[in-house]
Amino acid sequence: MAYVYMVRCRDGSYYSGYAADPVKRVKVHNSGHGAKYTRSRLPVELVYWEELPDKSAALRREAALKKMTHLEKARLVRAFSESRTADPSGT
């Protein structure tokens, strides 16, 4: 399985990526060893994720998320937060 995820940065912007374990990946971002974009916008918070069947599907979904406007991402995150019950690690 692969995941696509979005984090909200300290400045309110969103960053999208893919990972096998988004919770672990967010820890990497917050340690300052993640993407260059997030390093100057720490801390980041995991606000959205989707489980996909493979890396290829996750990369396609990541590309689609990156094309969304800030408002579209905010709406997606809001709808997701209202419907979720656990983080991707099951807690």
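Which residue in strand 3 does alanine 2 stand opposite? The partner is leucine 52. Keep in mind that this is a predicted model. That one pair is a good place to enter the sheet.

Move along strand 1 to tyrosine 3. Its bridge partner in strand 3 is glutamate 51. In total, seven bridges join strand 1 to strand 3, and the two strands run antiparallel. Strand 1 also has a partner in strand 2. Six bridges join these two, again in antiparallel fashion. Here valine 7 of strand 1 stands opposite tyrosine 15 of strand 2. Strand 1 and strand 2 form a hairpin with five residues between the strands. In this hairpin, glycine 12 takes a positive phi near 90°.

Now put the strands together. Three strands form an open sheet, in the order 2-1-3, with antiparallel pairing. Strand 2 and strand 3 each have a single partner strand, so they stand at the edges, and one side of each has no neighbour in the sheet. Neighbouring strands are turned against each other by 20° on average, direction ignored.

Next come the helices. Helix 3 lies across strand 1, strand 2 and strand 3. Helix 3 runs at about 175° to strand 2. Helix 4 also lies across strand 1, strand 2 and strand 3, but its angle to strand 3 is about 80°.

What lies inside? The largest nonpolar core has 25 residues. Among them, Tyr5, Met6, Val7 and Tyr48 touch the most other members. Two or more core residues come from each of strand 1 (2-8), strand 2 (14-19), strand 3 (45-52), helix 3 (55-67) and helix 4 (70-83). Strand 1 gives the most, with six residues. Strand 1 is also mostly covered: six of its seven residues are buried.

Take a closer look at valine 7. Leave aside its neighbours within four places in sequence. Valine 7 is then in contact with Ser13, Tyr14, Tyr15, Val26, Thr38, Val44, Glu45, Leu46 and Val47.

Turn to the aromatic rings. How many aromatic pairs does the structure hold? There are three. In one of them, the rings of tyrosine 15 and tyrosine 37 have centres 6.1 Å apart. Their planes meet at 20°, under the 30 degrees that sets the limit for stacking, so this pair is stacked. Tyrosine 15 is in strand 2 and tyrosine 37 is in helix 2 (residues 36-39), so the pair links distant parts of the chain, 22 residues apart. Is each ring buried or exposed? Tyrosine 15 is buried, at 15% relative accessible area. Tyrosine 37 is partly exposed, at 32%. Tyrosine 37 has another visitor: arginine 41 lies over the face of its ring, 3.8 Å from the ring centre.

Another pair joins tyrosine 48 and phenylalanine 80. Their ring centres are 4.9 Å apart and their planes stand at 65°, so the pair is edge-to-face. Tyrosine 48 belongs to strand 3 and phenylalanine 80 to helix 4, so the pair ties together parts 32 residues apart in sequence. Both residues are buried: tyrosine 48 has a relative accessible area of 5%, and phenylalanine 80 has 13%. Ring pairs also bring in Trp49, linking Tyr48, Trp49 and Phe80 into a cluster.

Notes
Residues numbered from 1 in each chain as written. Predicted model: local features only at pLDDT ≥ 70, side-chain atom pairs only at ≥ 80, totals over all residues. Heavy atoms only, no water. Core = buried A, V, L, I, M, F, W, Y, C linked by side-chain atoms within 4.5 Å. Buried < 20%, exposed > 50% of the residue type's maximum accessible area, 1.4 Å probe, protein only. Helix = DSSP H or I, 4+ residues; strand = E, 2+ residues; numbered from the N terminus. Contact = heavy atoms within 4.5 Å. Pairing = 2+ DSSP bridges. Axes fitted to C-alpha atoms, helices over the stretch in contact; angles between N-to-C directions. Phe/Tyr/Trp six-rings, centres within 6.5 Å; stacked < 30°, edge-to-face > 60°. Lys NZ or Arg CZ within 6 Å of the ring centre and 35° of its normal.
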